[in-house]
Amino acid sequence: MSHNTFGHLFRVTTWGESHGPALGCVVDGCPPGIALTEADIQPWLDRRRPGQGKFVTQRQEPDAVRILSGVFQDERSDGQRTTGTPISMIIDNVDQRSRDYSEIAQAFRPGHADYPYFAKYGVRDYRGGGRQSARETAARVAAGGVARKIIEGVTIRGAVVQIGPHAVDPQRIDFGVTGDNEFWAPDPDIVPVWTEHLEKVRKAGSSTGAVVAVEATGVPAGWGAPLYGKLDAELAAALMSINAAKGVEIGAGFGSAALSGEENADEMRMGNDGAPLFLSNKAGGVLGGISTGQAVTARVAFKPTSSILSLRRSINEAGEEIELRTKGRHDPCVGIRAVPVVEAMVACVLADAFLRHRAQTGGAAFTPGR
């Protein structure tokens with residue numbers, strides 16, 4: 001199986017399956033001398049960890065990360081620091097229930113990647129989706145923790161802004177309150193609405209979709225490239241690679257199709273600090289593939305999980321028509337736990353963009369946190 005690696009200078013390779021003994025990642029290209037311990041990574045994994053509420057999967061995984069390589073400490077150093085060599089991290093799986101999947105060992109679940117995966121490889125690990133499982137995203141979050149250490153001057157914050165048909169008023173979005181509720185909601189008034197909606201969905205054994213918004217502040221002007229290394233294109237590719245993601249927009253995104261040229265153009269004035277002051281941010285902080293110095297913003301649409309209790313029509317490996325329902329422990333709304341994953345993928349792309357910018361220009365516009 002190819003294509004398990006993403007990034008250019010900051011490269012991440014993930015490995016492992018949902019019901020294997022462990023999963024993890026190898027981060028290559030991290031600069032030397034950066035302070036890094038498991039304590040820098042674990043808080044991000046704790047935010048993604050399953051079993052933290054009745055509206056997410058009840059699989060109980062501590063997601064405790066161990067750093068196996070790429071760091072060093074002795075009496076001459078002020079703590080553990082990166083060496084510039086590959087950083088390998090491992091997360092043990094401890095709460096697999098493979099028996100839940102025995103009935104679909106030879107069946108293709110509608111809406112899942114079972115059929116195209118089998119058509120391509122001729123073999124598949126059906127337990128929890130194997131390599132296709134969103135369990136793999138724990139490794140991405142670990143890699144994102146390393147990326148954040150490289151770009152400590154950048155703040156990345158995500159939020160769920162829509163569940164099912166119920167969306168947050170854009171004027172009421174406050175990323176500062178997302179940690180105050182189990183939905184990563186940026187508006188506390190939407191919480192009871194989502195609670196009622198998800199109670200109905202959960203009791204029906206069904207699922208619902210969601211939209212996650214993310215913003216990165218502190219990104220200086222100049223990151224990215226104007227043609228085949230566009231910052232917004234690489235962000236879109238990274239975000240679309242997340243399980244269940246079906247749409248990505250940067251800035252105004254699809255909404256810009258309804259705007260006039262006057263409405264869409266982000267006008268500028270001169271700021272007091274000598275940098276341009278933008279009067280709006282329809283571009284999402286990226287113009288011509290290069291960051292403008294504004295907040296980099298994106299939204300990701302997640303489909304409803306296809307693991308539902310309702311009988312669905314399908315076929316099996318023998319070509320027989322069947323009906324099946326998916327057993328096991330699943331998220332009625334995968335978008336809720338996607339927030340830390342979205343943040344991590346943005347962090348990895350931005351860390352890579354910073355390192356590439358520094359390699360080409362010397363990076364005078366930005367100094368990474370040390």
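## Helix packing and strand pairing

In this predicted model, strand 11 (residues 245-250) and strand 16 pair in the antiparallel sense, with five bridges between them. Strand 16 (residues 296-302) also has alternating side chains, and it pairs with strand 10 too. Beyond that, here's a look at what helix 1 packs against, and at an open sheet of five strands.

**Strand 16 and its partners**

- Valine 248 has valine 300 as its bridge partner in strand 16.
- Strand 10 (residues 210-217) runs antiparallel to strand 16, and seven bridges hold the pairing.
- Glutamate 215 is matched with threonine 297 of strand 16 as its bridge partner.
- One face of strand 16 takes the side chains of Val296, Ala298, Val300 and Phe302, which are buried.
- The other face gets Thr297, Arg299 and Ala301, and these are not buried.

**Helix 1 against helix 3**

- Helix 1 (residues 38-48) packs on helix 3 (residues 137-150) at about 140°, and the axes sit 9 Å apart.
- That angle is not over 145 degrees, the cut-off for roughly antiparallel, so helix 1 and helix 3 count as oblique to each other.
- The crossing of helix 1 past helix 3 is right-handed.
- From helix 1, the contact uses Asp40, Ile41, Trp44, Leu45, Arg47 and Arg48. Helix 3 brings Thr137, Ala138, Val141, Ala142, Gly145, Val146, Arg148 and Lys149.
- Sorted by class, the residues of this contact between helix 1 and helix 3 come out as seven nonpolar, two polar and five charged.

**Helix 1 against helix 7**

- Helix 1 also packs with helix 7 (residues 335-361), at an angle of about 150° and with axes 8 Å apart.
- Trp44, Arg47 and Arg48 make the contact from helix 1, while helix 7 supplies Arg337, Pro340, Val341 and Glu343.
- The class count for helix 1 with helix 7 is three nonpolar, no polar and four charged residues.

**The five-stranded sheet**

- The strand order in this open sheet is 1-2-3-7-4, and the pairing is antiparallel.
- Strand 1 (5-6) and strand 4 (65-67) are the edge strands; each has a single partner, so one side of each goes without a neighbour in the sheet.
- Strand 3 (residues 22-28) and strand 7 (residues 87-92) run antiparallel and are joined by six bridges.
- Within strand 7, methionine 89 is the residue opposite cysteine 25.
- Helix 3 turns up here again: it lies across strand 2 (11-16), strand 3 and strand 7, at about 35° to strand 3.

Conventions
Residues are numbered from 1 along each chain as its sequence is written. This is a predicted model: local features need pLDDT of at least 70, side-chain atom pairs count only at pLDDT 80 or more; totals for chains, interfaces and linings use all residues. Side-chain values use heavy atoms; hydrogens and water are left out. Axes are lines fitted to C-alpha atoms, for helices over the stretch in contact, and angles run from 0 to 180 degrees between N-to-C directions. Helices (H or I, at least four residues) and strands (E, at least two) are DSSP runs, numbered from the N terminus. Angles under 35 degrees count as roughly parallel, over 145 as roughly antiparallel, 65 to 115 as roughly perpendicular and the rest as oblique. A crossing is left-handed if the near helix is turned anticlockwise from the far one by less than a right angle, and right-handed if clockwise. Contact means heavy atoms within 4.5 Å. Ala, Val, Leu, Ile, Met, Phe, Trp, Tyr, Cys and Pro count as nonpolar, Asp, Glu, Lys and Arg as charged, and the others, Gly among them, as polar. Buried means under 20% relative accessible area, exposed over 50%, partly exposed in between (1.4 Å probe, protein chains only). Two strands pair if DSSP finds at least two bridges between them.
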